[in-house]
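The exercises below concern salt bridges, the surroundings of a ligand and the pairing of strands. Please work through each task with the sequence and the structure in view before reading its solution.

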Amino acid sequence: MNKQFYITTAIDYVNGQPHLGHAYEKIITDVIARSQCCLGSESFYLTGLDEHGQKVQQAAEDNGQNAQDYCNNLAEDWQAFAAKLGLSNGDFVRTTEERHKTVVAEILQGLYDKGEFYQKEYVGFYSAKQESFLTEKDRNDNGEFDPIYGEVQELRENNYYFKLGQYQQWLIEHIEANPNFVAPDNRRNEVLGFLKNENLEDLCISRPKERLSWGIPLPFDSDYVTYVWFDALTNYLSIPRAIGRESELWPADIHVIGKDILKFHAVYWPIMLRAANLEIPKQILVHGWWQKDNQKMSKSTGNVVDPVAVIDEWGLDAFRYYVVRELDIGPDGNWTDEGFAARYGAELANGLGNLINRSLSMLGRYRDGVVPEAHDELAHDATVARDKLVEQLRANELQAGLMTIWSYIARLNQYVDETAPFKMAKDPNQAKRLGEVLYNLTESCRLLAVWLQPYLPTTSHRIMEQLNLPKDIINIAQSGWGELTAGQKVNKPEALFPRRDK
Ligand code: MSP
């Protein structure tokens, strides 16, 4: 069966409402998924929710609800959020669904039968916030555990452990032989540094039911539930398997994640798969974290960006544009309301919006909205930009791709100023030249709509609508200059990004 491009996001804990960080990860993943479709390969995009574990159980208790009701309520908000972001996801996983739980139990049983687990007593400390056991190494210079661990409990309990160490050398060799397995490079070096300098400790994959009941029961010992990370990571495989598309989708092409959960994805997950004799994903793509006004976002101080409020005020595509244009995949980013408004005004309202509007208005005014005969003055510039964009999309260089598109927009705005069609229109001797300029502009508007498909799907559709062209997905690499035909009658333009000057 043909392999389909398969991309995922991390699945979010359902212990609160979605914020900018969650939105960013989902949008960049969506742009990559849509790019694949616009470059000729079908793609399957999976996102969803991580609903088990102590963190969620605690949040439910704090809300006076049972865990399942609590998750069901919040899941509605998160699903609505995915729709609000205009995501093209093909499924939405919730780890409390039977279809997921069955596969987790299958994998656990297989590893247990293979002798990959053993039982031992643990005496030490546990961070519910990070859902992980701590060691003396996690104490800071004052002998205390870092605040990132939240409240730390002391524990003595019997648990099941997964022997990771035996796969350490294999993983180092895999990462060295596959330089793109972890991207960008600094994250790859981080993983290699860790793997080469520390002996991997065995991973505790169980939690006694008496301490934590909110989880998937271990299939071979009903006194325990599954460690939430083992459960959560398996979502990437459980859904393809549950929907009968494992052979088409697995291995995943890209897992998009934030920098804080690198070790789980680049160390534990490949080892789990390797031990289960399954193929490992092709790439872990790691993005940075957003701050607001150079400070950590925090609900308690009110320093947050609410994506839904921004979208309601400015529109979805303005939000999608800003997050992808502002922050490349890798480094950390900083949100400022001023920065957002500035990009909206300069790049969307004045840059793209004004160009489309004046091009189509002039065609309406001077040619009754009818596309003149083809002309190729800008064909070369457009083809160079298109080829560069295609290369950037293939390399997941999303921010650079937007810069390529906007350089072409700048070129077009300059073209309007240079050729001054509004002056030509007054001189009947220049009618032919005016037709040429109008063709170059209108065909460029069409190409912009094609190129914007992965980034700003709604805007791309709206431009196509204004051009009175169909809205089917168009292959970016194959759509070239001159496809707009003479005689096509365009519609009256409407502002794509209305000006918001105070
Ligand atoms: N449930 C786990 C992931 C399990 S994946 C098998 C989890 N959930 S989370 O809700 O805490 O985070 C989900 C994703 O959002 C992570 O990739 C995380 O890095 C990302 N972000 C959370 N806050 C962020 C920012 N402030 N900025 C950018 N991304 C951030 O971890």
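R245 is partly exposed, with a relative accessible area of 21%, where partly exposed stands between buried (under 20% relative accessible area) and exposed (over 50%), with a 1.4 Å probe and protein chains only. The model is a predicted one, in which local features need pLDDT of at least 70 and side-chain atom pairs count only at pLDDT 80 or more, whereas totals for chains, interfaces and linings use all residues. Residues are numbered from 1 along each chain as its sequence is written, and side-chain values use heavy atoms, with hydrogens and water left out.

**Exercise 1**

Find the salt-bridge partner of R245 and state whether that partner is buried or exposed.

Solution. A salt bridge is taken as a side-chain nitrogen of Lys or Arg within 4 Å of a carboxyl oxygen of Asp or Glu. By this rule R245 pairs with E248, the closest N and O atoms being 3.0 Å apart. The relative accessible area of E248 is 15%, and E248 is therefore buried. Elsewhere, salt bridges that share partners link E377, K432, R433 and E436 into one network, and the count of salt bridges comes to 35.

**Exercise 2**

Determine which parts of the chain are tied together by the salt bridge between R156 and E121.

Solution. Begin with the distance: the side chains of R156 and E121 meet at 3.2 Å, N to O. Next, locate the partners, using helices (H or I, at least four residues) and strands (E, at least two) as DSSP runs numbered from the N terminus. R156 belongs to strand β7 (residues 152-162) and E121 to strand β5 (residues 117-127), so the salt bridge ties together parts that are 35 residues apart in sequence. Finally, R156 is exposed at 59% relative accessible area, while E121, at 44%, is partly exposed.

**Exercise 3**

Describe how R187 and E190 are placed in their helix.

Solution. Both residues lie in helix α6 (residues 185-197), three residues apart, and are thus separated by about one helical turn. Their side chains form a salt bridge with an N to O distance of 2.7 Å. R187 is buried, with a relative accessible area of 13%, whereas E190 is partly exposed at 38%.

**Exercise 4**

Identify the side chains of H22, D260 and W289 as polar partners of the ligand, and give their distances.

Solution. A polar contact is a pair of N or O atoms within 3.5 Å; within protein, one must be able to donate a hydrogen and the other to accept it, and residues adjacent in sequence count only if both atoms are side-chain atoms. From an oxygen atom of the ligand, a polar side-chain atom lies 2.6 Å away in D260, 3.2 Å away in W289 and 3.3 Å away in H22. Taken alone the ligand exposes 670 Å², of which the protein buries 93%, with accessible areas from the Shrake-Rupley method and a 1.4 Å probe.

**Exercise 5**

Work out the strand order of the open sheet that contains β12.

Solution. Two strands are said to pair if DSSP finds at least two bridges between them. Three strands form the sheet, in the order β10-β12-β11, with antiparallel pairing. The edge strands, each pairing on one side only, are β10 (206-208) and β11 (217-218). Three bridges join β10 to β12 (residues 221-226), and V225 in β12 is the bridge partner of R207.
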